[in-house]
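Please find below a short note for a colleague who is new to this structure. It is meant to be read beside the sequence and the coordinates.

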Amino acid sequence: MKTQSLIKIIVLSVLIVFTSTLMAQSEKNAKEIKGRVVDYKTNSPLTFTNFVISGTNISTVSNSDGEFVLKIPETSNHNIIIVSRLGYETKKINISELNKNSKIKLIPAITTLNEISINVHTNPEALVRATLSKKSTLYNNSNTLMTAFYRETIKKRRKNASLSEAVVQIHKQPYNSLKRDAIELVKARKSTDYTKLDTLALKLQGGPFSNLYTDIIKYPEYIFTDEDMPLYEFSFDTNTQVNNQQIYVVNFKQKPNIITPLYYGKLYIDSETLALTNAVYSLNVENKELSSKMYIRKKPRKVDVYPTQATYRVNYRTQNGKWHYAYSNISLTFKVNWKGKLFNSIYTLNSEMAITDWEEIDTKIAKSRERTLRPTTILADEASGFSDPRFWGEYNIIEPEKSIESAIKKIQKQLKRT
């Protein structure tokens, strides 16, 4: 079985502080809209909601509190914002109707599939195989330069211990090409509170690449290899809806007799085109020894580290009839045991990346070697400390969660004191 881990961590007992130079960006005029998206009936926040400015490729996504921030260039002030989320009716709003504290309510979609659509696909595994074979026809096959916002956090229990953020440019290769994507660092910042890490530090290796590799269509080898497909059980779940399109929901999990850790979760497949629109899945971590080997690259001898939870999410978006990677989220929880010590530590690593703008490039994309990241890069080593609120300029970012926002404010206060 050749299924690989999407992400690696390095566990260190010696802590080192790194610094680097941040790239500057010219300020331009842009209208900033902040708000919150909630369920129409329950008023509960809606995470992973997509916001796209019509007629452009500019977009963002809501955070775990349902909050969002969107920077709109002057040329798009009269456009429409398209708000969409899996299982809800798509909403279109004039930008002029929104302000800095807008509350958007989405109505749950009523899902019905006609008998013809249901009867076309009765074998869930065959449907998944058909979806994976569509990469050359349904997905963007042009060289594409994507701007993305990336954030990774490390928490010791519930307290933020490390926070890194970056704006990157993804040199996205055509989906019908075997060439791998490249990532170029544009801006980055970080903070690490070593008092919360005690004598142990967890570093996330791969950074933005880990999230990029959740793109199942471009990188099926990380979850669905030809060798691994027969090791899974597939079944249909209740259908749903996204962007007013009917969606098949396929469950998958490893067969009971398989020992090697594999994934389980749900695939959301467009009933008309068979494109993968979303995927939510987790790694089976019941076998501590084998699952630990998939994630831990390096650690001290006297420490046992193993995952207790590993969940992934990837969203796709369509533009002009072609689909492309739009957002992904990775959440990992590890238990750390020091041999000879009574108590253990629990760390949670979370990373997310959202495509905020993109454009097709006719020729081969030129990359700056100085700013090009490697798949083994540790982002925190490439970033510097936090700066003023205008740091990101016109770049669209994911609105920080309450706990992260609080941590940033504490960092800024400490910087002012020093």
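The points below concern one sheet and two residues of a predicted model.

1. The sheet. Three strands form an open sheet in the order E5-E2-E8, and the pairing is mixed. Strands E5 (67-73) and E8 (102-106) are at the edges; each has a single partner strand, so one side of each has no neighbour in the sheet. On average, neighbouring strands of this sheet are turned by 35 degrees against each other, direction ignored.

2. The pairing of E2 with E5. Strand E2 (residues 30-39) and E5 run antiparallel and are joined by 7 bridges. Within this pairing, Ile33 has Leu70 of E5 as its bridge partner.

3. Leu267. This residue belongs to strand E16 (residues 263-270). Leu267 has a relative accessible area of 3% and counts as buried because that value is under 20%. Its contacts beyond four places in sequence include Val128, Ile216, Phe224, Tyr248 and Val249. Val249 is 18 residues away along the chain, yet its C-alpha atom is 5.7 Å from that of Leu267.

4. Asp181. Is this loop residue, located between strand E10 (159-172) and strand E11 (182-192), buried or exposed? Asp181 is buried, at a relative accessible area of 5%. Its side chain makes a polar contact of 2.9 Å with the side chain of Lys172. A polar atom of the Asp181 side chain also lies 2.8 Å from the backbone nitrogen of Gln173. Among the other residues in contact with Asp181, beyond four places in sequence, are Ile170, His171, Phe209, Leu212, Lys218 and Tyr219.

Conventions: Residues are numbered from 1 along each chain as its sequence is written. This is a predicted model: local features need pLDDT of at least 70, side-chain atom pairs count only at pLDDT 80 or more; totals for chains, interfaces and linings use all residues. Side-chain values use heavy atoms; hydrogens and water are left out. Two strands pair if DSSP finds at least two bridges between them. Helices (H or I, at least four residues) and strands (E, at least two) are DSSP runs, numbered from the N terminus. Axes are lines fitted to C-alpha atoms, for helices over the stretch in contact, and angles run from 0 to 180 degrees between N-to-C directions. Buried means under 20% relative accessible area, exposed over 50%, partly exposed in between (1.4 Å probe, protein chains only). Contact means heavy atoms within 4.5 Å. A polar contact is a pair of N or O atoms within 3.5 Å; within protein, one must be able to donate a hydrogen and the other to accept it, and residues adjacent in sequence count only if both atoms are side-chain atoms.
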